[in-house]
Amino acid sequence: MSEHCYRIAVVPGDGIGPEVVREGLKVLEAACRLEGVKCDTVFFDLGGERYLRTGETLPDGVLEELRSFDAIYFGAIGHPEVPPGVLERGILLKLRFALDLFVNLRPVKLYPGVETPLKGKTPADIDFVVVRENTEDVYAVEGVSFREGTREEVALQPALYTCRGTERVIRYAFELARKRAAERGKPAKVTLVDKANVMTVGHGLWRRVFAEVSQDFPEVVTEALYVDAAAMEFVLHPERFQVIVTTNLFGDILTDLGAAIQGGIGIAPSGNIHPGKVSLFEPVHGSAPTIAGQNLACPLAAILTAALMMEHLGETKVAQRIETAVTHALETGKIRSLEAGKMGLTTSEVGDLVASFL
């Protein structure tokens, strides 16, 4: 039984965010109660409605308050009346950079009872994680354009890579591979994904740092793939992967492909992590405003995100209890699809079904 009481900041956000967060908290609170773990939740009003009402995205005072929590449990960001990029940059990216959440962790796992578009693949074939660098690359530097709006326009969007930033995320990937291998009784493996044959400077740095860090983990098998080859292998041979480490942009793209092969974004969780500091956890899916408030969205990604958050906090039993409950709920066949409106159950009914297996 844990004696620590975790302080969780909850940001339901926009669209379906409040609905899926509600189910995630329902399952989380029940699992914590069964394991004797205490969590205090504090809700924060951040998102499109606040922006339209006040013009604020993430006030500095709120940001400082969020630093005091053990974790942030996030719903979704995106509002049809707010221009694209305002909320994403003003809230989510601001949190990533201000809190230095340099790891974006996305498990790619096929659960029993979930269909994959990959013919012949089973849960034994699709079970890996992508460690995406989260604070550098093209996301870290503002672009610039010259002669905008003319036929002579030139647009520059530079990418930033640092030795320090590259080394820490690669080291995290190796440490995670060692941990997962011990849990599964398998040899550890890390795959670097880059485009070093074309982006020779920035990704050449990644190659060199990867080689240097690997020397500290002699028991870990390593390989390097160009991103185009890695995309093919996601589809053809996902079983070759255990832990993937990659750049911010490539990780952003590949992890959506990963969500597709595990059955869809409705079951894909993620974490934005700085080990030992407050970290942010969110389902991969967006706000889906067209179905907001209709009790149609699949909450499994949000529920599994809660499990990922508790695993990060060291409450492994809570995380395992939640994941096992999701597995049993899917095995019943009552959740006919992970697509919104086609599940055969409402959002709240899926939450209730998972909670019944805790």
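What covers the buried residues of α1? In this predicted model, the cover includes three strands, β1 (5-13), β2 (38-43) and β3 (71-76), along with the helices α9 (300-312), α10 (316-331) and α11 (347-356). Helix α1 itself takes in residues 17-35, 19 residues in total. From first C-alpha to last it reaches 26 Å, close to the 27 Å expected at 1.5 Å a residue. Its buried residues begin with Gly 17, Glu 19, Val 20 and Val 21, carry on through Glu 23, Gly 24, Leu 25, Val 27 and Leu 28, and end with Ala 30, Ala 31 and Cys 32. Two glutamates, Glu 19 and Glu 23, thus turn up on the buried list next to residues such as Val 20 and Leu 25. After α1 comes Gly 36, with a positive phi near 70°.

Thr 246 gives another look at the interior. This residue sits in strand β10 (residues 243-246), and it counts as buried because its relative accessible area is 0%, against a cut-off of under 20%. Its side chain reaches the backbone oxygen of Val 193 at 2.8 Å. Leaving aside residues up to four places away in sequence, Thr 246 touches a run of neighbours, Val 130, Val 131, Arg 132 and Glu 133, and also Val 193, Trp 206 and Gly 251. Val 193 therefore appears both as a contact of Thr 246 and as the residue whose backbone oxygen its side chain reaches.

Now for the charged pairs. Side chains of opposite charge can pair when their charged atoms come close. Across the whole structure, a search turns up 29 salt bridges. One of them joins the side chains of Glu 167 and Arg 171, at 2.5 Å from N to O. Both residues belong to helix α5 (residues 163-184), where they lie four residues apart, about one turn of the helix. An α-helix has 3.6 residues a turn, so residues three or four places apart point the same way. Both partners are partly exposed, Glu 167 with a relative accessible area of 26% and Arg 171 with 25%.

A second bridge brings together the side chains of Asp 194 and Arg 207, at 2.6 Å from N to O. This pair links distant parts of the chain, with Asp 194 in strand β8 (residues 189-194) and Arg 207 in helix α6 (residues 202-214), 13 residues apart. Asp 194 is buried, at 0% relative accessible area, whereas Arg 207 is partly exposed, at 28%.

Arg 240 and Glu 233 form a further salt bridge, with their closest N and O atoms 2.7 Å apart. Here Arg 240 is partly exposed, at 26%, while Glu 233 counts as buried, at 13% relative accessibility. Elsewhere, salt bridges that share partners build one network out of Asp 127, Lys 179, Arg 180, Glu 183, Arg 184 and Glu 311.

Finally, there is a nonpolar spot on the surface. Val 144, Phe 146, Val 154 and Leu 156 make up a patch of about 340 Å². The elements that give two or more residues to this patch are β6 (144-146) and β7 (154-156). Phe 146 is found in β6 and counts as partly exposed because its relative accessibility is 47%.

Terms used:
Residues numbered from 1 in each chain as written. Predicted model: local features only at pLDDT ≥ 70, side-chain atom pairs only at ≥ 80, totals over all residues. Heavy atoms only, no water. Patch = residues over 30% accessible without salt bridge, like charges linked within 9 Å, V, L, I, M, F, W, Y side chains within 5 Å. Areas by Shrake-Rupley, 256 points an atom, 1.4 Å probe, with all protein chains shown as cover. Salt bridge = Lys/Arg side-chain N within 4 Å of Asp/Glu carboxyl O. Buried < 20%, exposed > 50% of the residue type's maximum accessible area, 1.4 Å probe, protein only. Expected span 1.5 Å × (residues − 1). Contact = heavy atoms within 4.5 Å. Polar contact = N/O pair within 3.5 Å; in protein donor to acceptor, adjacent residues only side chain to side chain.
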